Every structure is written in structure tokens, then in C-alpha cells.
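Visitor: I would like to learn how to read a metal site in a model. Please take me through one.

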Amino acid sequence: MPDLAPNRRDFLQRTSIAGAGLLVPVIAFANPQKPQSSEKEKDSGKISPAEDLMREHGVLNRLLLIYDEHLRRLTAKQTFDGSVLASAADIIRHFVEEYHEKLEEDFLFPRFRKAGKLVNLVDTLLAQHKAGRVLTAQIRELASLATLKYVSDSDKLGDALRAFLRLYRPHEAREDTVLFPAFRSIVSAHEYDALGEDFEKKEDELFGEEGFFKVVDTVADLEKKLGIYDLSQFTPK
Ligand SMILES: [Fe+2]
Ligand SMILES: [Fe+2]
């Protein structure tokens with residue numbers, strides 16, 4: 001498996017240098033210090049591969065909420081500068097597509113194929129990863145336009161966001177409820193534990209020590225910029 005760390009480091013450096021404005025929140029990725037956020041729970045040590053992948057889906061869900069909010073603003077014809085959306089698309093590319101999905105493609109899908117289990121599901125999930133990457137490229141490109149001057153660009157962005165949301169919600173729900181629970185039954189207990197450790201090690205290599213929490217903090221910063229961070233706003237009054 002190719003080591004993606006250099007790419008990820010390039011990304012961190014680029015986003016740090018980009019600094020002012022566009023990708024400020026992503027700088028947190030490159031910060032070698034331990035996260036300071038109040039959201040950070042004490043890392044309780046080992047977690048299973050399924051827990052690791054499912055909490056990554058939690059991050060994806062929060063990014064989907066950021067996409068939802070942009071879609072809402074587009075539909076309401078409210079303006080936005082695109083920097084938060086561009087950062088969200090970057091995190092989807094580097095954390096979800098190039099890391100999380102790569103774990104699924106390198107460590108889960110081949111084992112299901114070898115075991116002859118859920119092969120049709122694996123085929124669909126893989127095709128969806130590919131389709132998702134095409135949409136992310138579109139979203140990233142359109143988000144980085146200084147302003148969406150043309151109605152056609154706004155429409156294109158709206159369509160891409162809608163398609164991404166429609167793709168990923170059922171995708172991750174099926175993985176959480178079918179693929180990940182079945183994974184435990186096709187590998188030995190020893191292999192399962194070892195994979196959990198491998199996943200965490202890889203995450204730390206790519207995103208820094210306790211990398212998961214750094215990514216969560218970065219996403220939280222984007223939510224704050226958008227005004228969707230305060231959880232209590234979603235409680236029915
Ligand atoms: Fe997936
Ligand atoms: Fe997934």
C-alpha cells in the first residue's frame with residue numbers, strides 16, 4: 001500500500017502557508033501539540049477497528065451538516081465566501097477519502113471478497129467511493145471561486161452538494177449497520193485487535209498525535225464560523 005504521509009504533510013504545509021482566510025481552520029492539522037479543545041475526551045487507549053471507522057463516520061456526518069448548511073444558504077440565495085466549504089471539502093478529501101475510505105478499501109473490502117461475503121455490497125461501496133471523489137473535486141473547485149457570479153455555478157454547486165449528501169448518508173449507514181458488524185466475524189480476534197492498533201497508528205502518522213481529535217477540532221472550528229456549532233440550537237423549543 002502506498003504511504004500517503006508525504007501527500008498529507010504537503011497538504012498540511014500548503015494549508016498552513018495559505019494561512020490568511022481560506023484555509024485557516026485546517027492549520028490545526030499541522031499543530032504538533034496535543035489538542036486543547038474541551039471536546040477532546042481522554043483517549044482511552046485501544047479502540048476496535050469498527051469503533052475507529054464509526055467515529056470517523058461521525059466526523060463525516062459533521063461535515064455533511066456543513067454541506068447541508070451551505071445548501072440551505074444557496075437555496076435561500078444567501079451569499080457566502082466559500083472558504084468554509086473549501087476547507088470542509090479538503091477535510092473530506094484528505095481525511096475521509098484518502099484515509100478512511102482507503103482503510104476500507106485496503107483492509108476490509110479485500111477480506112470480504114476473500115471470504116466470499118457481502119461481495120455485492122462491497123462492489124457498490126467501492127463504486128460509491130469513486131463517485132464521491134468526483135463530486136468532491138467539483139465541490140472543491142466551485143467553492144474556491146471567489147464568488148459564484150454565475151447562476152449556473154450556483155446550480156452546479158447545489159447539485160453536487162445534494163448528490164454528495166444523497167450518496168453518503170445511506171453509504172455510511174450501511175457500513176455502520178451491515179459491513180462493520182460483519183467484519184468481526186470474518187477475521188480472527190487477534191487480527192481484529194491488531195488492525196485496530198494499525199488503524200490508530202496510521203491515523204497518528206498522517207494527522208499527528210491523537211490525530212482524530214485534531215480533525216474533530218478543525219471541523220468544530222468550521223461549524224463555529226458557520227454558526228452551527230452550538231448544539232442547543234437544534235433542540236426543539
Ligand atoms: Fe465507505
Ligand atoms: Fe466509511
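Visitor: Is Glu175 buried or exposed?

Guide: This is a predicted model. Burial is judged by relative accessible area, with under 20% as the cut-off for buried. Glu175 has a relative accessibility of 0%, so it counts as buried.

Visitor: Which residues coordinate the iron ion (ligand 1)?

Guide: Look for donor atoms around the metal. For the iron ion (ligand 1) they come from Glu104 (OE), His129 (NE2), His171 (NE2) and Glu175 (OE), at 2.0 to 2.2 Å. Along the sequence, these donor residues follow the spacing E-x24-H-x41-H-x3-E. Two of the residues, His129 in helix α4 (residues 119-143) and Glu175 in helix α5, are 46 residues apart, and the pair links distant parts of the chain. His129 is also buried, its relative accessible area being 0%.

Visitor: What do the angles say about the site of the iron ion (ligand 1)?

Guide: The angles among its four donor atoms run from 84 to 177°, and the site is irregular. Four donors count as tetrahedral if all angles lie between 85 and 135 degrees, so a range of 84 to 177° does not qualify. Water is not among the atoms, so sites may look incomplete.

Visitor: Which residues coordinate the iron ion (ligand 2)?

Guide: His57 (NE2), His100 (NE2), Glu104 (OE) and Glu175 (OE) do, at 2.0 to 2.2 Å. The spacing of these donors along the chain is H-x42-H-x3-E-x70-E. His57 belongs to helix α2 and His100 to helix α3, so this pair ties together parts 43 residues apart in sequence. His57 is buried at 2% relative accessibility, and His100 is buried at 3%. The four donor atoms subtend angles of 80 to 163°, which makes this arrangement irregular.

Visitor: How far apart do the two iron ions lie, and which residue bridges them?

Guide: They lie 3.3 Å apart, and Glu104 is the bridge between the iron ion (ligand 1) and the iron ion (ligand 2).

Visitor: What about empty space in the protein?

Guide: Rolling a probe the size of a water molecule over the atoms shows where empty space is left. Here the count is two cavities of 30 Å³ or more, and the second largest holds about 30 Å³.

Visitor: Which residues line the second largest cavity?

Guide: Among them are His57, His100, Glu104, His129, His171 and Glu175, names already met as iron donors. The lining also includes Leu60, Val96 and Tyr168. By class it has three nonpolar, four polar and four charged residues. Helices α2 (49-75), α3 (83-115) and α5 (151-186) each supply at least two lining residues.

Key: Residues are numbered from 1 along each chain as its sequence is written. Chains are lettered from A and ligands numbered from 1 in the order in which they are written. This is a predicted model: local features need pLDDT of at least 70, side-chain atom pairs count only at pLDDT 80 or more; totals for chains, interfaces and linings use all residues. Side-chain values use heavy atoms; hydrogens and water are left out. On a 1 Å grid over the protein atoms alone, a cavity is a set of points where a 1.4 Å probe fits but cannot get out, and a pocket is an open set with protein on both sides within 12 Å along at least five of seven lines; lining residues have an atom within 4 Å of a point. Grid points are joined across faces, edges and corners, and a volume is the space filled by probe spheres set on the points. Helices (H or I, at least four residues) and strands (E, at least two) are DSSP runs, numbered from the N terminus. Ala, Val, Leu, Ile, Met, Phe, Trp, Tyr, Cys and Pro count as nonpolar, Asp, Glu, Lys and Arg as charged, and the others, Gly among them, as polar. Donors are N, O and S atoms within 2.8 Å of the metal (3.2 Å for Na, K and Ca); water is not among the atoms, so sites may look incomplete. Four donors count as tetrahedral if all angles lie between 85 and 135 degrees; four count as square planar and six as octahedral if opposite donors are over 155 degrees apart and all others between 65 and 115; anything else is irregular. Buried means under 20% relative accessible area, exposed over 50%, partly exposed in between (1.4 Å probe, protein chains only).
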